[in-house]
Amino acid sequence: MKIAIDVSQIVYTGTGVANYTYQMAKKLISLDRKNRYLLFGLSLRQKSKLISFFEELKIVNNTIETRIIPIPQRLGNFIWNKLHVYKLENMIGDFDLYHSSDWIEFPTRSKKVTTIHDLIILKHPFLSHPDIVKTQKRKLNWVVKETDLILADSLSTKADIEKYLKVKPGKIEVVNPGIDKIYQPQSEEAVNWIRHKYQIPGEYILMVGTLEPRKNLELVITAFERFLNHSLISSRRKPIEMVVAGKYGWGEKPAANKNIKLLGYVDKKELPSLYSGAKVLIYPSLYEGFGLPVLEAMACGCPVISSNQGSLKEIVNEAALLVDSQTGEDITSKLTQIFIDEDLRKTLIEKGLNNVRKFDWDKSAEKIISLYNKVGI
């Protein structure tokens, strides 16, 4: 069976969907020697990223076929999500099964699988950019009508698909993403190097993710400032900073101050050291379909304070402190706990390291391959 996978989202470096696409494609072609793979991407200005990705994958499996459709995503949205004309086979050749991306839904004569990471655009549309809401609604319309199987990142997302898209449970399979093997506790030397690079002299609270309204950064900053004024914290000699790693997405841009460092996009290879050196990861997102940073942090031995919203409560599995993401006082309280209770911190680190063992890309890819074979019959 020849399987066509849209890897267009790989060009959006640093996003959760790009990480998912990268890991999934790489694992599938390394484990599956029975099926053949045709990987393609839709891009005009960022074709070089696709070319580089394809070259990397051909080192893993030189039997894969690759194609680039030189059309910008915005035009692709109009042609295939709105008009829904001109079948995929006309551009990349014949195949037996098509795994669509997070953005474009091509019409096809073949069987179709798609991954839905979250339904924030239906559940909390005010937390998404209006263009994203419009595009995703168009795409999901065709997913519901044409897709043979939907993969959901979490039980929470599966429940949302059933509720908001009225898809029957039997047409949805939960496949948790795995954690990249690069995420593990780093040496003191590596941590000191990352501190030096980003000029972080003392202890720091870390926040990781694309800067957009749903990440709840504004509330975190307010809670952090209150935390610094707490009597048990203000008396400490060492400086405490909040370090934010992630490129700007949309919405109001936060302003850095003497206690807050906005690093912007941080290369994936540097994140393990940044996690390992942090006192705690704070991740009070208002909604997530999965939420990779909480697991990446745990894998690096960093304790986690997580929102109790969306899938996050599900995936942290009692290995993190949960907060009400609407209440800054709760965030302040949990931050204070982490800093004054070293036994609690050690317990969370141990629980986190145990928890992440459940999220393995080899197992996830094997399940996806099994589902491909079932759909393709």
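This section describes the two sheets, some helices around them, and the enclosed spaces of a predicted model.

One sheet has seven strands. It is open, and the strand order is E3-E2-E1-E4-E5-E6-E7. The pairing is parallel. Strand E3 (65-69) and strand E7 (172-174) form the edges, and each of them pairs on one side only. From one strand to the next, the twist averages 20 degrees. Within this sheet, E4 and strand E5 (residues 111-116) run parallel and are joined by four bridges. Tyr98 stands opposite Lys112 in E5.

The other sheet described here has six strands. It too is open, with the order E10-E9-E8-E11-E12-E13, and its pairing is parallel. Strand E10 (260-264) and strand E13 (321-323) stand at its edges. Each has a single partner strand, so one side of each is left without a neighbour in the sheet. Neighbouring strands are turned against each other by 25 degrees on average, with direction ignored. Strand E8 (residues 203-208) pairs with strand E9 (residues 240-245) in the parallel sense, over six bridges. One residue pair shows this link: Leu206 has Val243 in E9 as its bridge partner.

Two helices lie across this six-stranded sheet. Helix H12 (residues 292-299) lies across E8, strand E11 (280-283) and strand E12 (304-307). Its direction is at about 170 degrees to E11. Helix H14 (residues 328-340) lies across E8, E9, E11, E12 and E13. H14 runs at about 165 degrees to the edge strand E13. Strands E8, E11 and E12 are thus crossed by both H12 and H14.

A pair of helices was also examined. The axes of helix H3 (residues 73-83) and helix H6 (residues 130-146) come within 9 Å. They cross at roughly 35 degrees, and the crossing is left-handed. On the H3 side, the contact involves Arg74, Asn77, Trp80, Asn81 and Lys82. These meet Asp131, Thr135, Arg138, Lys139 and Trp142 in H6. By class, the residues of this contact divide into two nonpolar, three polar and five charged.

Helix H1 (16-31) recurs in the description of the cavities. Val17 lies in this helix. Leaving aside residues up to four places away in sequence, Val17 touches Gln9, Asp102 and His117. Val17 and Val7 are 10 residues apart along the chain, and their C-alpha atoms are separated by 10.0 Å.

The structure holds three cavities of 30 Å³ or more. The largest contains about 100 Å³ of space. Its lining includes Asn19, Tyr20 and Gln23. Pro177, Gly178, Ile179, Asp180 and Tyr183 also belong to the lining. Lys268, Leu292, Glu296 and Trp361 complete it. H1 and H12 each supply at least two of these residues. H1 gives the most, with three residues. H12, which lies across part of the six-stranded sheet, therefore also helps to enclose this cavity, where a 1.4 Å probe fits but cannot get out. The lining has six nonpolar, three polar and three charged residues.

The second largest cavity has a volume of about 90 Å³. It is lined by 13 residues. Asp6, Tyr20, Thr21, Ser100 and Ser101 lie nearest its centre. Tyr20 lines the largest cavity as well. Strand E1 (2-6), H1 and strand E4 (97-100) each supply at least two residues of the lining. E1 and E4 are neighbours in the order of the seven-stranded sheet. The largest share, four residues, comes from H1. Here the classes are four nonpolar, seven polar and two charged.

Pockets, unlike cavities, are open. The second largest pocket has a volume of about 320 Å³. Its lining consists of 16 residues. Those nearest the centre are Leu217, Glu218, Glu252, Lys253 and Pro254. By class, the lining divides into nine nonpolar, three polar and four charged residues.

Conventions:
Residues numbered from 1 in each chain as written. Predicted model: local features only at pLDDT ≥ 70, side-chain atom pairs only at ≥ 80, totals over all residues. Heavy atoms only, no water. Pairing = 2+ DSSP bridges. Axes fitted to C-alpha atoms, helices over the stretch in contact; angles between N-to-C directions. Contact = heavy atoms within 4.5 Å. 1 Å grid on protein atoms, 1.4 Å probe; cavity = no way out; pocket = protein on both sides within 12 Å on 5 of 7 lines; lining within 4 Å. Points joined across faces, edges and corners; volume = space filled by probe spheres on them. Nonpolar A, V, L, I, M, F, W, Y, C, P; charged D, E, K, R; others polar. Left-handed = near helix turned anticlockwise from the far one by under 90°.
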